[in-house]
Amino acid sequence: VAMEWYSDVTFQKLTCAAFLHDVGIRDQQLCAVKSLTDLEKNYQGKFSPKAVQEYKNHPKRGSTMVTQLKDLGAEVDKIILQHHEHPLGSGFPDALNASHIAPLSSVFIVAHDLVDYAYEHDGKIDIEDFIVGHETKLQAGNFKKVLKGLLNLAVK
């Protein structure tokens with residue numbers, strides 16, 4: 001609502017993606033891994049090479065699985081495919097930059113970061129602190145619109 005993109009269909013797409021974004025992961029311990037950097041820094045040696053490859057491929061695998069669910073709205077597969085991308089091109093699986101990340105994927109990526117932030121801060125969300133910590137991400141492409149929505153929340 002704060003981004004002025006709200007519709008029931010948009011909400012449904014984002015909700016479906018939230019439930020299904022890690023469906024491509026078989027090893028549930030891998031779901032705790034936030035990024036490839038997190039995998040390399042905090043989980044070094046914990047997972048087999050096969051599990052690491054599973055993690056790297058889970059957005060594509062999940063997206064493919066979701067396309068087989070005929071009743072899901074369009075774009076859910078794209079959100080799942082892009083949920084680990086980063087606007088600077090440092091994400092995965094395709095190292096997309098901001099100009100190639102879909103608008104709803106941008107919303108999902110930031111929302112996922114916000115949930116991680118809440119977990120790291122005992123459920124408390126300081127929007128201004130979150131924005132400062134994610135400033136680089138929020139300055140490109142459709143992420144600017146997400147930033148505008150976050151700033152609207154911070155003012156309220």
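**Figure 1. K60 forms a salt bridge with D94.** In this predicted model, the closest N and O atoms of K60 and D94 sit 3.2 Å apart. The pair ties together distant parts of the chain: K60 belongs to helix α3 (residues 49-67), while D94 is in the loop between α4 (76-82) and α5, 34 residues apart. How accessible is K60, buried or partly exposed? K60 is partly exposed, because its relative accessible area comes to 40%. D94 is partly exposed as well, with a relative accessible area of 35%. If you tally salt bridges across the model, you get four; two others get their own panels below.

**Figure 2. E120 and K34 make a salt bridge.** Here the closest N and O atoms are 2.4 Å apart. E120 is in helix α5 (residues 103-120), and K34 is in the loop between α1 (8-20) and α2 (36-42), so this pair links distant parts of the chain, 86 residues apart. E120 has a relative accessible area of 49%, so it is partly exposed: the label "exposed" is kept for values over 50%. K34, at 35% relative accessibility, also counts as partly exposed.

**Figure 3. D113 and K137 form a salt bridge between buried residues.** The closest N and O atoms of this pair are 2.5 Å apart. Again distant parts of the chain are linked, with D113 in helix α5 and K137 in the loop between α6 (127-133) and α7 (143-155), 24 residues apart. Are D113 and K137 buried or exposed? D113 is buried, and K137 is too.

**Figure 4. Y117 and F130 pair their rings edge-to-face.** A search of the whole structure turns up three aromatic pairs, and this view shows one of them, with the ring centres of Y117 and F130 5.7 Å apart. Why call the pair edge-to-face? The planes are at 85°, so the pair is edge-to-face, given that angles over 60 degrees get that label. Y117 comes from helix α5 and F130 from helix α6, distant parts of the chain that are 13 residues apart. Both ring-bearing residues are buried: Y117 has a relative accessible area of 7%, and F130 has one of 1%.

**Figure 5. Helix α3 bends at N57.** The bend is about 55°, and a proline, P59, follows within four residues. What about the end-to-end span of α3? At 1.5 Å a residue, the 19 residues of α3 should span 27 Å, and the end C-alpha atoms are indeed 27 Å apart, so the two agree. Several α3 residues are buried, among them A51, E54, Y55 and H58. P59, the proline that follows the bend, is on the buried list too, along with G62, S63 and V66. Which helices do the buried residues of α3 pack against? They pack against α1, α2 and α4.

**Figure 6. S106 is a buried residue in helix α5.** With 0% relative accessibility, S106 counts as buried, because buried means under 20%. Leaving aside residues up to four places away in sequence, S106 touches I101, N142, F143 and V146.

**Figure 7. Q12 and L72 are 60 residues apart in sequence but 8.9 Å apart in space.** That distance runs C-alpha to C-alpha. Q12 lies in helix α1 and counts as partly exposed, at 48% relative accessibility.

**Figure 8. The loop between α4 and α5 holds P93 and A95.** A cis peptide bond joins F92 and P93, with omega about 15°. A95 has phi near 50°, a positive value in a residue other than glycine. A95 is also partly exposed, with a relative accessible area of 43%.

**Figure 9. D122, in the loop between α5 and α6, has a positive phi.** The D122 value is near 50°, and the residue is not glycine. Is D122 buried or exposed? At 69% relative accessibility, D122 counts as exposed.

**Figure 10. Confidence in the model, from α4 to α7.** Over the protein the mean pLDDT is 91, and 96% of the residues reach 70 or more. Among the elements, α4 has the highest mean pLDDT, 97, and α7 the lowest, 86.

Notes:
Residues are numbered from 1 along each chain as its sequence is written. This is a predicted model: local features need pLDDT of at least 70, side-chain atom pairs count only at pLDDT 80 or more; totals for chains, interfaces and linings use all residues. Side-chain values use heavy atoms; hydrogens and water are left out. A salt bridge is a side-chain nitrogen of Lys or Arg within 4 Å of a carboxyl oxygen of Asp or Glu. Helices (H or I, at least four residues) and strands (E, at least two) are DSSP runs, numbered from the N terminus. Buried means under 20% relative accessible area, exposed over 50%, partly exposed in between (1.4 Å probe, protein chains only). pLDDT is the predictor's confidence in each residue, from 0 to 100. Rings of Phe, Tyr and Trp (its six-membered ring) pair if their centres lie within 6.5 Å; planes under 30 degrees apart count as stacked, over 60 as edge-to-face and the rest as tilted. The expected span of a helix is 1.5 Å times one less than its number of residues. The bend at a residue is the angle between axes fitted to the seven residues ending there and the seven starting there. Contact means heavy atoms within 4.5 Å.
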